Amino acid sequence: MRLLTLGTAVEALTGKLPEAGALVLTDAVLDSRTAIPGSLFVAMAGEHTDGHDHVAEAFQHGASVALIEREVGGNLTVVDLRAGAPARLPDPPLCLRVEKSLAALQQIARVWRAQLPVRVIGITGSIGKSTTKEITADLLDRRYRTLRNAGNLNNEIGLPLSLLRLTEAHERAVLEMGFYVPGEISLLCDIARPAVGVITNIGPVHLERAGTMEAIIAGKAELVEALPSAPEGVAILNHDDPNVLPMAKRTSARVFTYGLTGDADLWADQIEGLGLEGVRFVLHHGRERFHLRVPMLGQHSVHTALRAAAVGLAEGMGWDDILSGLQTSQTQLRLVAVRGPHGALLLDDTYNAAPASVLAALNLLGELDGRRIAVLGDMLELGAQEETGHRMVGARAAEIADDLIVLGTRARWIAQEAEKAGLSAQHISALATNQEVIDWLNGRIGAGDVVLIKGSRGMHMDEIVAALGEPSS
């Protein structure tokens with residue numbers, strides 16, 4: 001089985017394969033503390049620390065090779081690749097000096113991926129990328145040996161690190177692709193060379209950085225533009241999203257649509273949310289019709305199931321494997337139900353927030369019995385859409401929640417709109433800190449209450465769940 005070696009890495013950077021490069025690189029890491037024997041440590045300067053200050057520590061943890069772009073001191077062996085590859089490499093541990101560590105990492109990943117016959121599935125969109133990635137990878141893994149990028153390793157650093165974990169044994173790779181600025185997904189596609197591209201949806205997430213909705217749409221479309229022509233390339237598009245469907249004109253790949261109407265190639269109807277028991281629906285593809293119940297939370301999860309099924313079809317899987325995979329997936333979703341004080345149920349959805357994902361979480365809350373309490377924090381990075389987005393959430397919260405707690409300066413728009421939409425001011429509380437929220441909930445919730453806790457990651461609302469996640473006496 002072919003594995004990434006030190007020689008392959010040096011050849012990727014210099015065009016020359018040196019002698020004594022047979023060492024297998026077992027992993028690639030940025031954090032010296034996570035280095036394992038045989039790993040490649042990539043030294044980069046971050047916001048709070050510089051990896052060049054931790055090269056020796058990485059070697060102590062077992063790393064064999066370090067990519068560096070400046071001197072690191074100490075009695076370390078350094079091979080300067082800026083002058084080309086040496087005829088023979090010294091014994092590890094050793095440092096490879098390059099112009100830029102990030103560019104070198106990307107080039108190694110680009111060359112290594114190009115040498116492998118794996119088919120790559122790229123997934124992007126404003127919300128739902130990670131869950132779609134996990135469900136899709138679970139599904140494909142039933143038939144193919146499948147790699148997925150771990151956690152949120154979905155950017156110009158994380159995606160190359162993930163690709164370096166590929167081996168010749170892998171048949172598929174499912175890669176989430178994040179977007180902040182135009183050109184980013186083009187770069188990721190140049191490195192990963194996806195054959196299948198999935199677009200979940202388009203919304204004003206990261207609008208503050210991207211500038212305009214048009215820039216976000218163009219940035220996400222870079223995925224389908226990079227796909228190979230049909231029949232090899234397949235663009236899987238959300239038929240229900242008016243920002244996504246027009247991307248069919250921006251690709252030479254085969255277009256396959258999914259949605260909730262019969263106009264899509266793969267579609268669902270008769271959707272019934274079962275609260276924490278999942279969701280039930282009927283799946284349609286041509287003349288085929290299947291009744292499913294899947295263990296995913298919220299009716300919005302139907303789109304996730306459709307995306308995974310579409311990839312399965314694109315990759316030649318049969319319906320038996322696809323349906324079985326959807327119905328048995330054990331993927332841990334970001335929204336987690338935990339028991340809270342006095343028997344209350346807490347819905348922990350504190351990973352991040354955008355208008356569409358908050359509305360979806362509120363819809364799930366509406367499927368559950370009991371007194372419904374929504375704790376909603378600021379949604380960050382919405383740019384010019386921030387007031388509109390918060391007010392949209394407030395109007396829906398008024399229809400769902402019996403009590404509404406808002407946290408943060410922007411979330412006060414949620415409170416204002418909820419009151420305007422008919423929720424009594426007596427049932428709306430605007431609080432300033434996580435501790436105030438903790439105190440409010442701890443003294444007022446009990447058995448039969450369901451509490452949704454959701455806000456942007458920068459609000460640190462996971463602290464609320466951590467404080468309340470154990471039953472009180």
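In this predicted model, strand S17 (residues 371–377) and strand S18 (residues 403–407) run parallel to one another and are joined by five bridges. Within this pairing, alanine 374 has leucine 404 of S18 as its bridge partner. Helix H11 (residues 355–366) packs on the sheet, where the helix touches strand S16 (345–349), S17 and strand S20 (449–454), and the direction of H11 makes about 175° with that of S20.

The sheet in question is an open one of six strands, in the order S15-S16-S20-S17-S18-S19, and its pairing is mixed. Strand S15 (336–339) and strand S19 (428–431) each have a single partner strand and stand at the edges, so one side of each is left without a neighbour in the sheet. On average, and with direction ignored, neighbouring strands of this sheet are turned by 20° against each other.

**Strand S9 and its partners**

Strand S9 (residues 196–199) has Val196 and Val198 pointing one way and Gly197 and Ile199 pointing the other way, and all of these residues are buried. S9 runs parallel to strand S6 (residues 119–124), to which four bridges join it, and in this pairing threonine 124 stands opposite isoleucine 199 of S9. S9 also pairs in the parallel sense with strand S10 (residues 234–238), over three bridges, with valine 198 standing opposite isoleucine 236 of S10.

**Strand S13 and its hairpins**

Strand S13 (residues 279–285) is mostly covered, since five of its seven residues are buried. Strand S12 (residues 266–273) runs antiparallel to S13 and is joined to it by six bridges, with alanine 268 having leucine 283 of S13 as its bridge partner. The hairpin of S12 and S13 has five residues between the strands, and in this hairpin glycine 275 takes a positive phi near 60°. S13 also pairs with strand S14 (residues 288–294), here in the antiparallel sense over seven bridges, and valine 279 stands opposite valine 294 of S14. The hairpin of S13 and S14 has two residues between the strands, and in this hairpin glycine 286 takes a positive phi near 60°.

**Helix H1 and the loop that follows**

In helix H1 (6–14), the buried residues include Leu6, Gly7, Thr8, Ala9, Val10 and Ala12. The cover over the buried residues of H1 includes strand S3 (65–68), strand S5 (94–97) and helix H3 (101–114). Just after H1, glycine 15 takes a positive phi of about 80°.

The loop between H1 and strand S1 (28–29) holds valine 24, and alanine 20 lies in the loop between H1 and S1 as well. Valine 24 has a relative accessible area of 33% and is therefore partly exposed. Together with Met1 and Leu3, Val24 forms a nonpolar patch on the surface, and the three have about 260 Å² of accessible area together. Why can valine 24 be counted in such a patch? Patches are made of residues with over 30% relative accessible area, and valine 24, at 33%, meets that cut-off because its relative accessible area lies over 30%.

**Backbone exceptions**

Most residues other than glycine have a negative phi, and most peptide bonds are trans. Against that background, the following residues and bonds deserve a separate listing.

| Residue or bond | Backbone value | Place |
|---|---|---|
| Alanine 20 | positive phi of about 60° | loop between H1 and S1 |
| Arginine 193 | positive phi of about 50° | loop between helix H6 (184–192) and S9 |
| Proline 92 to proline 93 | cis, omega near 5° | proline 93 in the loop between strand S4 (78–80) and S5 |
| Alanine 230 to proline 231 | cis, omega near 5° | proline 231 in the loop between helix H8 (213–225) and S10 |

Neither alanine 20 nor arginine 193 is a glycine, although each takes a positive phi. Buried, partly exposed or exposed: which describes alanine 20? Alanine 20 counts as partly exposed, because its relative accessibility is 39%. Arginine 193 is likewise partly exposed, with a relative accessible area of 47%.

Terms used:
Residues numbered from 1 in each chain as written. Predicted model: local features only at pLDDT ≥ 70, side-chain atom pairs only at ≥ 80, totals over all residues. Heavy atoms only, no water. Patch = residues over 30% accessible without salt bridge, like charges linked within 9 Å, V, L, I, M, F, W, Y side chains within 5 Å. Areas by Shrake-Rupley, 256 points an atom, 1.4 Å probe, with all protein chains shown as cover. Salt bridge = Lys/Arg side-chain N within 4 Å of Asp/Glu carboxyl O. Buried < 20%, exposed > 50% of the residue type's maximum accessible area, 1.4 Å probe, protein only. Pairing = 2+ DSSP bridges. Axes fitted to C-alpha atoms, helices over the stretch in contact; angles between N-to-C directions. Contact = heavy atoms within 4.5 Å.
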